[in-house]
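Biologist: Please show me the model, and then let me ask how each label in it is earned.

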Amino acid sequence: MRSLILLGLVGFAAQLVDGSLGMAYGVTSTTLLLAAGTGAAATSATVHLAEIGTTLASGLAHWRFGNIDWKVVGKIGVPGALGAFAGATFLSSLSTEFAAPIMSIILLSLGLYVLIRFTAYGLPRGNLGKPLRKRFLAPLGLVAGFVDATGGGGWGPVGTPAILASGRIPPRKVIGSIDASEFLVAIAASAGFLAGLGSENIDFAWVGVLLLGGVIAAPIAAWLVRHIPPRILGSAVGGVIVLTNVRTLLRGEWVDAPGGVQTVAYVTIAALWAAAVAYSAREHHREKAIEAADAELLGPAPEEETARA
């Protein structure tokens, strides 16, 4: 019972982050399930089955708050589903001993990317309003879908920063569109895992509890995306993913590092993580101060002057 409650809290926290940042439900949930000793393919299957419900709830919530660009959803979602089915079939064919460290390496890479991307660069906004081409979104969806299924997460960490980096649509619509299109990816990946593993290798109680936690968090996250600083959240979540997967690798058969080496690694990562979050917070407040100063210099917008008159 205790483990199910913890899983529900994991699902809630992961969806809260995912719906606010456009990534990390799968990466966070998979990382924690792997740390608990679940097999790689079964873990990814559990997470993706739960994501069918969480992504549907998240998509509906983002739609209600006007956070979705449906053209982007269509152009990236279908290729993403194809990539996810291929990735699920591939992962299902690997042995658990071989798949677990590979998944941890993928998750570690994604965590480093999220941590560095949001800490160092924040959110680009220079190309707002320019269209996103299918020749960009289709290959991106295919790769992101494959990584998502094989890594137990990756749709958001691959897709969200790539679209954000283009700066062509507002960040809240990037996040809402990625979350909505992930519904197709979750269905395709789940079908691939069910075909490759069979339902007997999946704990549906875990699926249900993860789903429940995520569904409860979805509308809260869709509201938070308008208010929470993505730069700070990205740094915080990236650090969690890096630390947890380094722990998995150091304690695994591939590395099997001595206890002293593990301690030094954890302390070093924790210190760098804290520094990254502090830097992101400082940069966020600096950017806000610059925006406020610019607004004061420019004076009130025309509509504000009209309203005053």
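**Labels and their reasons**

Modeller: This is a predicted model, and over residues 303-309 its pLDDT stays under 50, with two contacts beyond four places in sequence for that stretch.

Biologist: What makes that stretch a poor place to read details?

Modeller: Where pLDDT is low, the predicted coordinates should not be read in detail. Helix α12 (residues 302-308) has the lowest confidence in the chain, at a mean of 48. Confidence is highest in α4, at 87. For the chain, the mean pLDDT is 75, and 71% of the residues reach 70 or more.

Biologist: Which elements are there in the chain, helices or strands?

Modeller: The chain has 12 helices and zero strands. From the N terminus on, each element in the run is an α.

Biologist: Why is the pair of Phe-90 and Phe-146 called tilted?

Modeller: The centres of the two rings are 6.1 Å apart, and the cut-off for a pair is within 6.5 Å, so the rings count as a pair. The angle between the planes is 35°. Stacked needs under 30 degrees and edge-to-face over 60, therefore the pair is tilted. The structure holds one aromatic pair.

Biologist: Why can this pair be said to tie parts of the chain together?

Modeller: Phe-90 lies in helix α4 (residues 70-92) and Phe-146 in helix α6 (residues 134-151), so the pair ties together parts that are 56 residues apart in sequence.

Biologist: How do you know whether Phe-90 is buried, partly exposed or exposed?

Modeller: Buried means under 20% and exposed means over 50%. Phe-90 has a relative accessibility of 42%, so it counts as partly exposed. Phe-146, at 35%, counts as partly exposed too.

Biologist: What makes Trp-70 count as exposed?

Modeller: The relative accessibility of Trp-70 is 51%. The cut-off for exposed is over 50%, therefore Trp-70 counts as exposed. Trp-70 is placed in helix α4.

Biologist: Which residues make the nonpolar surface patch?

Modeller: Leu-56, Leu-60, Trp-63 and Trp-70 make a patch of about 490 Å². Helix α3 (residues 40-64) gives the largest share of the patch, three residues.

Biologist: How many residues does the chain have, and what share counts as buried?

Modeller: The chain has 309 residues, and 49% of them count as buried. Its accessible surface comes to about 14,200 Å², with 68% belonging to carbon and sulfur atoms. Among contacts between residues at least 6 apart in sequence, 85% join residues at least 24 apart.

Key:
Residues are numbered from 1 along each chain as its sequence is written. This is a predicted model: local features need pLDDT of at least 70, side-chain atom pairs count only at pLDDT 80 or more; totals for chains, interfaces and linings use all residues. Side-chain values use heavy atoms; hydrogens and water are left out. Helices (H or I, at least four residues) and strands (E, at least two) are DSSP runs, numbered from the N terminus. Buried means under 20% relative accessible area, exposed over 50%, partly exposed in between (1.4 Å probe, protein chains only). Contact means heavy atoms within 4.5 Å. Accessible areas come from the Shrake-Rupley method with a 1.4 Å probe; for residues, only the protein chains shown count as cover. Rings of Phe, Tyr and Trp (its six-membered ring) pair if their centres lie within 6.5 Å; planes under 30 degrees apart count as stacked, over 60 as edge-to-face and the rest as tilted. pLDDT is the predictor's confidence in each residue, from 0 to 100. Patches are made of residues with over 30% relative accessible area and no salt bridge: like charges are joined within 9 Å, nonpolar side chains (Val, Leu, Ile, Met, Phe, Trp, Tyr) within 5 Å. A salt bridge is a side-chain nitrogen of Lys or Arg within 4 Å of a carboxyl oxygen of Asp or Glu.
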